[in-house]
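Here is a short report on one protein model. Keep the sequence and the 3D view at hand while reading.

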Amino acid sequence: MVAPDTPTVGVADHDAGHAQGPNRDPLRGDAGTAVGITVRSLRHRYTTAEGPITVLDSIDVDIAPGEFVAVTGASGAGKTTLLSLLGGLDRLQDGTVMVGNADGGLDLGGLGRDALAEYRRRTVGFVFQDYGLLAMLSAHENVELALAVAGVRRRARRGRADELLDAVGLGARRSHRPSALSGGERQRVAIARALANRPRLVLADEPTGNLDDTATHRVLQLLRALPSDHACTVITVTHNASVAAAADRELRLAGGRLVTP
């Protein structure tokens with residue numbers, strides 16, 4: 001899963017050719033409430049020199065608000081593609097993905113480019129295997145940057161960055177650049193950054209893939225606590241059996257289909 005593009009502050013309400021109607025974003029203003037996800041008949045293909053390859057085939061799944069779900073499977077099974085579609089990084093080809101709560105849902109397939117960018121900014125927090133931190137910025141500045149992009153005023157974003165770094169146990173390391181942090185510390189900064197704009201959905205792609213056992217345990221504790229501590233739904237792609245075992249539920253992909261773990 002590649003890092004999302006940097007959204008523009010003050011995103012347009014809709015794209016040409018993708019009118020959303022008066023209730024285009026029923027999730028707007030609903031921060032603090034975890035979202036549920038409904039996936040129906042999801043299929044996704046990539047075109048290669050050898051012809052089209054189906055990476056997801058007829059996926060149907062429901063994820064409850066506040067659930068911690070691990071997506072597992074062999075390399076090439078479609079795990080990262082699924083995460084990218086749920087996060088609005090890739091456009092839907094076939095099928096439906098609804099993200100919402102009891103008051104309504106957002107149909108990702110009906111959103112244009114700007115609306116998807118707004119969805120990513122307002123609703124989703126991303127955590128990547130390679131951390132995705134900017135090397136020239138301190139831990140505090142990396143977290144604060146996510147808030148600056150969202151148009152948060154300086155005093156408020158500084159306070160929020162302090163709060164989140166304290167929450168992940170890195171308050172004393174706030175002024176350190178990524179090169180001065182361990183892998184586990186960098187990933188905790190990345191988690192703090194993902195939480196900056198109070199997302200209702202956190203998507204983590206192999207968040208412990210580069211970590212040793214001790215750092216993996218610390219990061220896993222943070223991920224496991226997110227639904228209760230930060231009111232969000234968490235979906236992580238992982239090859240780590242201990243991460244999968246700690247989740248509320250495991251979804252296993254094989255050949256682009258969901259199979260019984």
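The report goes from the overall make-up to the sheet, then to the salt bridges and a surface patch.

## Overall make-up

This is a predicted model. The protein has seven helices and 10 strands. Its chain runs to 261 residues, and 49% of them count as buried. The accessible surface comes to about 11,800 Å². Carbon and sulfur atoms hold 48% of that area.

Contacts reach far along the sequence. Take the contacts between residues at least 6 apart: 75% of them join residues at least 24 apart.

## The six-stranded sheet

Six strands form an open sheet. Their order is 6-7-8-3-9-10, and the pairing is mixed. Strand 6 (124–128) and strand 10 (257–259) stand at the edges. Each has a single partner strand, so one side of each is left without a neighbour in the sheet. On average, neighbouring strands are turned by 25° against each other, direction ignored.

Helix 2 (residues 113–123) packs on this sheet. The helix touches strand 6 and strand 7 (201–205). Its direction makes about 80° with that of strand 6.

## Parallel pairings inside the sheet

Which strands pair with strand 3 in the parallel sense? Strand 9 (residues 249–254) is one of them, joined to strand 3 (residues 68–72) over four bridges. Here Val69 has Arg249 of strand 9 as its bridge partner. Strand 8 is another, also parallel to strand 3 and paired over four bridges. In that pairing, Ala70 is matched with Thr236 of strand 8.

Strand 8 also runs parallel to strand 7, and five bridges join the two. Asp205 stands opposite Val237 of strand 8.

## Strand 8: cover on both faces

How many residues of strand 8 (residues 233–237) are buried? Five of its five residues are. In a regular strand, side chains alternate between the two faces of the sheet. Strand 8 is covered on both. Thr233, Ile235 and Val237 are buried on one side. Val234 and Thr236 are buried on the other.

## Salt bridges

Side chains of opposite charge can pair when their charged atoms come close. A search of the whole structure finds 14 salt bridges. Among them is the pair Arg43 and Asp57, with the closest N and O atoms 3.3 Å apart. This pair links distant parts of the chain: Arg43 lies in strand 1 (residues 36–48) and Asp57 in strand 2 (residues 51–63), 14 residues apart. Is each partner buried or partly exposed? Arg43 has a relative accessible area of 28% and is therefore partly exposed. Asp57 is at 19%, so Asp57 counts as buried; the cut-off for buried is under 20%. Arg43 and Asp57 also belong to a network of salt bridges that includes Arg257.

Asp94 and Arg45 form another salt bridge, at 2.9 Å between the closest N and O atoms. Asp94 is in strand 4 (residues 94–101), Arg45 is in strand 1, and 49 residues separate them. Asp94 is partly exposed, with a relative accessible area of 29%. Arg45 counts as partly exposed at 29% relative accessibility.

Glu250 and Arg252 also meet through their side chains in a salt bridge, at 3.0 Å from N to O. Glu250 is partly exposed at 23% relative accessibility. Arg252 is partly exposed at 31%.

## A nonpolar surface patch

Which residues make up the nonpolar surface patch? Leu134, Met136 and Leu145 do, over about 260 Å². Leu145 is found in helix 3 (residues 139–149). Its relative accessibility is 36%, so Leu145 counts as partly exposed. Patch residues must have over 30% relative accessible area.

## Recap

The open sheet keeps strand 6 and strand 10 at its edges. Strand 8 is buried at five of its five residues. The salt bridge between Asp94 and Arg45 links distant parts of the chain. The network of Arg43, Asp57 and Arg257 is likewise built from salt bridges.

Conventions. Residues numbered from 1 in each chain as written. Predicted model: local features only at pLDDT ≥ 70, side-chain atom pairs only at ≥ 80, totals over all residues. Heavy atoms only, no water. Patch = residues over 30% accessible without salt bridge, like charges linked within 9 Å, V, L, I, M, F, W, Y side chains within 5 Å. Areas by Shrake-Rupley, 256 points an atom, 1.4 Å probe, with all protein chains shown as cover. Salt bridge = Lys/Arg side-chain N within 4 Å of Asp/Glu carboxyl O. Buried < 20%, exposed > 50% of the residue type's maximum accessible area, 1.4 Å probe, protein only. Pairing = 2+ DSSP bridges. Axes fitted to C-alpha atoms, helices over the stretch in contact; angles between N-to-C directions. Contact = heavy atoms within 4.5 Å.
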